[in-house]
Amino acid sequence: MAKNRHRRAALAKQTASRPTPETDMQTGPRSSLGHTLNYMSVITIPPARLANAFAMADQGQITEQSKLFNLIEEHDAHIFGDMAKRKRAITSLGWQLKAPDDANDSELKRTTELEQMLRENNGFEQMQYDLADATGKVFSMVEMEWKKGDVWLPECYHYVPQQMFVTDQDTGELKYNGTGMPEELRPYGWIKHIHKAKSGYIENAALFRVLAWTYAYKAYNVQDMQRFLELYGLPLRLGKYPAGIDKKSRDELLRAVRSIGNDGAGVVPGNMSIEFIQATAAGKINDFLDAVHYWEEKQSKAILGGDLDGKTTTEARIMVYDKVRREILLHDVGNMEPTINQQLLAPINMYNGMFEPSRMPKFKYLTQESVDQQKMVTVLEKGVALGMEIEVEYAHEVMQIPRAKEGAALLGKPAEATPLNPVDNKNKPATALNANPVTGALSRLAALAKTQGAQAVDAGLQPLLDRALKGLDFQEIASAWLAGLINDIKNGADDSQILEKLAESWPNADESALQDRLTQIMFVAEVLGKLEAQKDMLG
């Protein structure tokens, strides 16, 4: 840590003549921000209101449209939940700064230092979540509050709502409109993230332009359902009055009819009455819930590309959904990375002079998914067996196991157990038969076969022999005993005879274990026979 401070102090001396950022905020204190929201205005949204807000946005006045977007996200839990999934999918990823491929030692050290500065930077992670707000609302604005320590870095990141901006009708550029007088954004004072959900100008490319219509229609269904629940099961209350009654008396009767449903009591004149009529056909709440669910499915399709309802989900559908989810994630990440590189890293480098502009490291998210390492080991082993040239660096990368640092303690193979002679096995449990790998005479015989058959054997026989020898778990045995056993097999000894010899050497092993070893030894004998035959033919 002290070393980093010294480096930063030296860097500060070297860059004293460079330009410096403005340290005061363009937006000013939060208390000065206007454009408050009317939270009661979107319980239901008439389609005409949406149409008017969108028409104004097309003319550059995006304030009303942005207010609606924020209110809809706050009122609709389903939209909020799915949008939060999109945002968290980005911010949950790891990240790194990647130096140029031909970077020298100095550039690599400075890249590591800059990455550490960002990881320690206050609010850097939350800033990424705030920028991801553009996923639904087409743009997100974060103002940087710069501060000079050892180096120039943003001390805080301040998210500013979309309704505080307007777009220039001629250029399409965003302008800050907090005071009612649109003004240009200060250079290097803002991070402006643009994320278009559909092709078009910034005013009409927001994902919420689609979601707003689904919310408007769903809100009517929700409101109708609430009214239904208020009256569900209650009989119709019908007030009756005699002809010729005045308006005041009719109004009193109407109030009595309404209040009796809530209070359970009411008073009416003797010449009037209230009749209760029981409904003959009962409504169903599922009708309203089905309508709400219909619109929520549309919302999930727009935001996440689909929805898993947990009822009719099949493995194929899950795979398709996961593929779409990853495509969306990569698209979101591809939009975010250039924003951070160009509007955060570039100003930090400009004010501190750490790199030449063309040699700057790149901010990259780590999007590689976890792998099934057991399956990957099998793939690599088979690839090597087929003769594929696989770099160790690539193997580490796909296995997601980092290479050991210099001087680090390394894992190693366990030490082999001391080999035993078969005559010592008589008093050992049967598990000793499975304890040690092939050593001694059998290994030497395999090595001899490799040497003698290297030029003669077919390329496929030797790997089979190696595999068979690795599979044998016999303890070390005398060369003469093994040679005699293989000669017996070559001379036509049947399985029962060989099993008897094996049983003499390992009397405590069960028949199944002995049978497995017999099968392996006979296979080795067959392969060795082919090696000798081919050698004689080439003789």
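The legends below describe an overview and close-up views of a predicted model.

**Figure 1. Overall composition of the predicted model, with 18 helices and 9 strands.** The protein has 539 residues, of which 36% count as buried. Its accessible surface amounts to about 31,900 Å², and carbon and sulfur atoms contribute 54% of that area. Among contacts in the protein with a separation of 6 or more, 73% are accounted for by residues 24 or more positions apart.

**Figure 2. Packing of helix H2 on helix H3.** A pair of packed helices is described by two quantities, the angle between the axes and the distance between them. Here H2, residues 47-58, and H3, residues 63-75, meet at an angle of about 130 degrees, and their axes lie 7 Å apart. The two helices are therefore oblique to each other. From H2, the contact draws on Arg49, Leu50, Ala53, Phe54 and Ala57, while H3 supplies Glu64, Gln65, Leu68 and Phe69. By class, the residues of this contact comprise 6 nonpolar, 1 polar and 2 charged.

**Figure 3. Surroundings of Asn70 in helix H3.** The relative accessibility of Asn70 is 14%, below the 20% limit, and the residue therefore counts as buried. Asn70 and Phe208 are separated by 138 residues in sequence, yet their C-alpha atoms are 9.4 Å apart in space.

**Figure 4. The hairpin formed by strands E2 and E3.** Strand E2 covers residues 139-148 and strand E3 covers residues 152-160; they pair in the antiparallel sense over 8 bridges. Between the two strands of the hairpin lie 3 residues. Two positions illustrate the register of the pairing. Glu143 has His158 in E3 as its bridge partner, and Lys147 stands opposite Leu153 of E3.

**Figure 5. The open sheet of 3 strands, in the order E3-E2-E6.** The pairing in this sheet is antiparallel. E3 and strand E6 (190-194) occupy the edges, and each has a single partner strand, so one side of each is left without a neighbour in the sheet. On average, and with direction ignored, neighbouring strands are turned by 25 degrees against each other. Helix H11, residues 315-352, packs on the sheet and touches E2, E3 and E6. The direction of H11 makes about 160 degrees with that of E6.

**Figure 6. Pro100 in the loop between strand E1 and helix H5.** The loop that holds Pro100 connects E1 (94-98) to H5 (105-120). When neighbours within four places in sequence are left aside, Pro100 is in contact with Arg359 and Met360. Pro100 and Thr111 are 11 residues apart along the chain, and 9.8 Å separates their C-alpha atoms.

**Figure 7. Glu107 in helix H5 and its contacts, with the residue placed in the helix.** Glu107 has a relative accessibility of 8%, and it therefore counts as buried. Not counting residues up to four places away in sequence, Glu107 touches Asp102, Phe355 and Arg359. Arg359 also appears in the preceding view, where it is in contact with Pro100.

Key. Residues are numbered from 1 along each chain as its sequence is written. This is a predicted model: local features need pLDDT of at least 70, side-chain atom pairs count only at pLDDT 80 or more; totals for chains, interfaces and linings use all residues. Side-chain values use heavy atoms; hydrogens and water are left out. Axes are lines fitted to C-alpha atoms, for helices over the stretch in contact, and angles run from 0 to 180 degrees between N-to-C directions. Helices (H or I, at least four residues) and strands (E, at least two) are DSSP runs, numbered from the N terminus. Angles under 35 degrees count as roughly parallel, over 145 as roughly antiparallel, 65 to 115 as roughly perpendicular and the rest as oblique. Contact means heavy atoms within 4.5 Å. Ala, Val, Leu, Ile, Met, Phe, Trp, Tyr, Cys and Pro count as nonpolar, Asp, Glu, Lys and Arg as charged, and the others, Gly among them, as polar. Two strands pair if DSSP finds at least two bridges between them. Buried means under 20% relative accessible area, exposed over 50%, partly exposed in between (1.4 Å probe, protein chains only). Accessible areas come from the Shrake-Rupley method with a 1.4 Å probe; for residues, only the protein chains shown count as cover.
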